[in-house]
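User: I am new to this structure and would like a short guided tour. Could we begin with a charged residue and go on from there?

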Amino acid sequence: MANQEMLLVEHLGELRKWLIYTLVAFIVFLFGSFIYVQEIYTWLIRDLNHNLAVLGPSEILWVYLMISGVIAIALTIPIAAHQTWLFVKPGLSEKERKTTLSYIPGLFFFFIAGLSFGYFVVYPTVLSFLLSLSEGLFETMFTSEKYFKFMINLTLPFGFLFEIPLVVMFLTSLGVINPMILSKARKISYFLLIVVSILITPPDLISDILVIVPLLVLYECSITLSKIVYRKKLKKQSDFAIEMKKTS
C-alpha cells in the first residue's frame, strides 16, 4: 500500500512537471508571437475590402491576444506531445517508444495543414458567400473582435480535426484500436462529425457542407491508414513468431 502511494505521488509529480513545461512553452510562444502580432494582423487583413472597427481600447488587445494565442497553440503542440511521451515513456517497450516518438513531428504538420485548409479554403468561401447575401441590401461593417472570432472559429477546429488520421495511426500501432472497430463505428462517427461541423460553422447550408465533407473524408482516410498500420503490425508479429520457432 505504501509503495502504491509512493508511485501515485511520483506520477502526480511527473504530471505536474509535464503541465508546467507545457504551460511555460505556451507562455513563451505567446509573448514571442505578440512581438510580431501587428505584422501578422496586417497580413491577415491584406485582402479585406472593409475597414475593421473597434468598440473600445481593450478590444485591440483582445484581438492581438487571439492571434498570438493561435500561433502559440500551434508551436506548443510538439512540446506538449514530447512531454506527454516522456510522461508515458516508462510504461512503454523499446519498440513502442520509437513508434510513438516518430509521430510527434506529424502532429505539428497536420495541425498546420488543418489551419491552412481552414484559412485558405473554408474561411474565404464562407465569407464570400455570407457577404454576397448582403450585397446591395446592407452596409457591411465588421468589428475586429467579431471578424477574428469568425476567422478563428472556422480555422482553428480544422487544426485539431486534421490530427484525427495521425491519432488513429498512433492508437492502431499501440493496439488500442483497429480498422475493424473504426468500420463498425462509422455510423456513430459520421453522426458525431456532422454535429461537430454544425456547431463550429455559421448557420447556413454551404458552410456546413464545406466542413462536413472534409471531415468525412478524413475519417475514411483514417480507416485506410489504420488498415495499413494494422497489416504491418500483424506482419511483424508473424515474422517474430516465425523467428521464435526457428530459434526454439
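User: Is R186 buried, partly exposed or exposed?

Analyst: This is a predicted model. In it, R186 counts as partly exposed, because its relative accessibility is 27%.

User: Which side chain does R186 meet in a salt bridge?

Analyst: The partner is E220, and the N to O distance in this salt bridge is 2.8 Å. The pair links distant parts of the chain, since R186 belongs to helix α9 and E220 to helix α10, 34 residues apart.

User: And E220, is that buried or partly exposed?

Analyst: E220 is partly exposed, with a relative accessible area of 26%.

User: How many salt bridges are found in the whole structure?

Analyst: The search finds two. Besides the pair just described, the side chains of K149 and E145 meet at 3.3 Å, N to O.

User: How far apart are K149 and E145 in helix α6?

Analyst: They are about one helical turn apart, because four residues separate them in helix α6. K149 counts as partly exposed at 36% relative accessibility, and E145 is partly exposed as well, with a relative accessible area of 23%.

User: Let us change topic to the interior. How many residues are in the largest nonpolar core?

Analyst: The largest nonpolar core has 38 residues. Those with the most contacts inside it are I67, Y123, Y147, F148 and M151.

User: Which helices each supply at least two residues of this core?

Analyst: They are α2 (37-44), α3 (57-88), α5 (104-134), α6 (144-161) and α10 (205-247). Helix α6 gives the most, with nine residues.

User: What is M151 in contact with, leaving aside its neighbours within four places in sequence?

Analyst: With those neighbours set aside, M151 is in contact with L44, Y119 and Y123. Y123 is also among the residues with the most contacts inside the core.

User: L44 was just mentioned. Which residues are buried in α2?

Analyst: In α2, V37, Y41 and L44 are buried. Seen down the axis of α2, its buried residues fall within an arc of 65°, so they line one face of the helix.

User: What about S68, buried or exposed?

Analyst: S68 is buried, because its relative accessible area is 0% and the cut-off for buried is under 20%. Its place is in helix α3. Leaving aside neighbours within four places in sequence, S68 is in contact with L30, S33, F34 and V37. Of these contacts, V37 is one of the buried residues of α2.

User: Now the surface. Which residues form the nonpolar patch there?

Analyst: The patch is formed by I188, F191, L192, V195 and L199, which together have about 510 Å² of accessible area. I188 lies in helix α9, residues 186-200. I188 counts as partly exposed because its relative accessibility is 48%.

User: Is there a general tendency behind my surprise at nonpolar residues on a surface?

Analyst: In soluble globular proteins, nonpolar side chains tend to be buried together.

User: One last residue: is K232 buried or exposed?

Analyst: K232 counts as exposed, because its relative accessibility is 55% and the cut-off for exposed is over 50%. K232 is in helix α10.

User: What separates the C-alpha atoms of K232 and M66?

Analyst: Their C-alpha atoms are separated by 42 Å, and the two residues are 166 residues apart along the chain.

Technical notes: Residues numbered from 1 in each chain as written. Predicted model: local features only at pLDDT ≥ 70, side-chain atom pairs only at ≥ 80, totals over all residues. Heavy atoms only, no water. Core = buried A, V, L, I, M, F, W, Y, C linked by side-chain atoms within 4.5 Å. Buried < 20%, exposed > 50% of the residue type's maximum accessible area, 1.4 Å probe, protein only. Contact = heavy atoms within 4.5 Å. Patch = residues over 30% accessible without salt bridge, like charges linked within 9 Å, V, L, I, M, F, W, Y side chains within 5 Å. Areas by Shrake-Rupley, 256 points an atom, 1.4 Å probe, with all protein chains shown as cover. Salt bridge = Lys/Arg side-chain N within 4 Å of Asp/Glu carboxyl O. Arc of directions from axis to C-beta.
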